[in-house]
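I opened the notebook on this protein to look up a few things one at a time, beginning with the core and ending with the backbone. The sequence and structure come first.

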Amino acid sequence: MSQRQLFLNHLAQTTDFPLMLEITRASGIYMYTTDGQAIIDLISGIGVSNVGHCHPNVVNAVKKQAETYMHLMVYGEVVQTPQNQLAQAIINTLPSSLDNIFFMNSGSEAIEGAMKLAKRYTGRAEFVACHNAYHGSSHGAMSVGGSEEFKTKYRPLLPGIRHVQFGNIDELRHITTHTAAFVVETVQGEAGIRVGTKEYFQALRQRCNETGTLLILDEIQTGFGRTGKFWGFEHYDIVPDIITCAKGMGGGMPISAFISSKDKMAVFKNNPILGHISTFGGHPVSCAASLATIQTIQEEGLLDEVAQKAQLFKTLLVHPKIKQIRNKGLLMAVEFESFEILKPIIDKAMELGVLTDWFLNCDNSLRIAPPLIITEEQIRDACKLLLQAIEEA
């Protein structure tokens, strides 16, 4: 039985039309099919492979740690060097008030932990979030998500959730003394790369201060260099109360975290004890991979090149069918008239050797989020193929 048939027979499917790419290996910005075709991964496995596929630094860190020890005990009980080293490296990138980390396995898990922390610390139960937001697919994360299409079949979800328009300062009035936290993406990703202004985020920070509301920034797509700064919130001169991160954090390995201050995190220690727990959170192999990812981003100066590379994409991708390009660094959306125009372009691009995608809450825009290691020559190659796809689709 072929690998494709095994895939269809035994792996739960999420659509009736999976990509069905059969990949034998991956390296850098490329994935290689069984017939040897090199596919440019222009979406980094949906924002994951910031340092590329199988970066040697990450691979070596994984090998070394796997030979030392793997799972030992549930999170928080045993002193583990990979966790300690990673926590210190992450904290070194953050303001001093964000000094305590709870490691998890996925973005959804990080959001769930952040929401629990906000409820426990404030003693409040209500949340405010944004229309068209995406924070994950677990019940709590889905509750603060902003797409009714993805939620309606799973109701009832969490009560006490209010949604407002992202970027609208007037609607911040809905944050009140009953609000545990405002949950917001630093850049709205699945809405098609919607970027808030500095004025908006600073007004949001002020409103949270006035009402005693915690500000949870979802950095799951924007963190670890995607926007040209290590953290997306650095563009806005604010400091959140809680950050969530995942995706690009692990260099291809599964890991996430929610990050806050030590005094806030302390509420999980009693009444009840074990207020938040995880079996595999902070897995030592994933932590070693994440530390290698941070070191690679910093040592290779990848942040310094993001703005220039993004501008090259915008300069090259000029076509009458392209209505607009929105971006924050190398988190980009190329807008077309409709999904009916976009989908054949995506299909043709894949035939030509470029993997792209659309957005969950914005199906007329093409996603571009390449590995940060992509070179200018590779950007030119990718754009040439995308323009060819637009012409031929």
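The entries below record what I looked up in this structure, which is a predicted model.

**Core.** I began with the nonpolar interior, where the largest core has 109 residues, and those with the most contacts inside it are Ile-90, Phe-103, Phe-182, Trp-231, Ile-259 and Phe-313. The largest share of this core, eight residues, is supplied by H10. A second, separate core has five residues, among them Met-31, Ile-39, Ile-43 and Leu-355. I then picked out Trp-231 and listed its contacts beyond four places in sequence, which include Ile-90, Leu-94, Phe-224, Ile-243 and Ile-259, as well as Glu-219.

**Helix H10.** Since H10 had come up in the core, I checked its length: its 16 residues, 284–299, should span 22 Å at 1.5 Å a residue, and the C-alpha atoms at its ends are 22 Å apart, in agreement. I also looked at burial, and 13 of the 16 residues of H10 are buried, so the helix is largely enclosed by the rest of the structure. After H10 comes Gly-301, which has a positive phi near 60°.

**Salt bridges.** How many salt bridges does a search of the whole structure find? The search gives eleven, and I followed up three of them.

- Asp-237 and Lys-198 meet through their side chains at 3.0 Å, N to O. Asp-237 is in the loop between strand E10 (214–218) and E11, while Lys-198 is in helix H8 (residues 198–211), so the pair ties together parts 39 residues apart in sequence. Asp-237 counts as exposed at 56% relative accessibility, and Lys-198 as partly exposed at 38%.
- Asp-241 pairs with Arg-205, the closest N and O atoms being 2.9 Å apart. Here too distant parts of the chain are linked, Asp-241 being in the loop between E10 and E11 and Arg-205 in helix H8, 36 residues apart. Asp-241 is buried, at 14% relative accessibility, and Arg-205 is buried, at 12%.
- Lys-343 and Asp-347 form a salt bridge with their closest N and O atoms 2.9 Å apart. Both are in helix H12 (residues 339–352), and because they are four residues apart, about one helical turn separates them.

**Ile-373.** I looked up this residue in the loop between strand E17 (362–368) and helix H13 (376–392). Ile-373 is partly exposed, at 24% relative accessibility. Its C-alpha is 9.8 Å from that of His-55, although the two residues are 318 apart in sequence. Leaving aside neighbours within four places, the contacts of Ile-373 include Gly-28, Ile-29, Val-51, Glu-300 and Leu-302.

**Surface patch.** Leu-72, Met-73, Val-74 and Val-78 make up a nonpolar patch on the surface, with about 290 Å² of accessible area together. Met-73 is in the loop between helix H3 (56–66) and helix H4 (81–91), and its 41% relative accessibility makes it partly exposed.

**Backbone.** Most residues other than glycine have a negative phi, and most peptide bonds are trans, so I noted departures from both habits. The peptide bond from Arg-155 to Pro-156 is cis, with omega near 5°, and a cis bond with omega about 5° also joins Asn-271 and Pro-272. Pro-272 is in the loop between helix H9 (262–265) and H10. Met-20 is not a glycine, yet its phi is positive at about 65°; Lys-247 likewise has a positive phi, about 35°.

Definitions and conventions. Residues are numbered from 1 along each chain as its sequence is written. This is a predicted model: local features need pLDDT of at least 70, side-chain atom pairs count only at pLDDT 80 or more; totals for chains, interfaces and linings use all residues. Side-chain values use heavy atoms; hydrogens and water are left out. Helices (H or I, at least four residues) and strands (E, at least two) are DSSP runs, numbered from the N terminus. The expected span of a helix is 1.5 Å times one less than its number of residues. Buried means under 20% relative accessible area, exposed over 50%, partly exposed in between (1.4 Å probe, protein chains only). Patches are made of residues with over 30% relative accessible area and no salt bridge: like charges are joined within 9 Å, nonpolar side chains (Val, Leu, Ile, Met, Phe, Trp, Tyr) within 5 Å. Accessible areas come from the Shrake-Rupley method with a 1.4 Å probe; for residues, only the protein chains shown count as cover. A salt bridge is a side-chain nitrogen of Lys or Arg within 4 Å of a carboxyl oxygen of Asp or Glu. A nonpolar core is a set of buried Ala, Val, Leu, Ile, Met, Phe, Trp, Tyr and Cys residues joined through side-chain atoms within 4.5 Å. Contact means heavy atoms within 4.5 Å.
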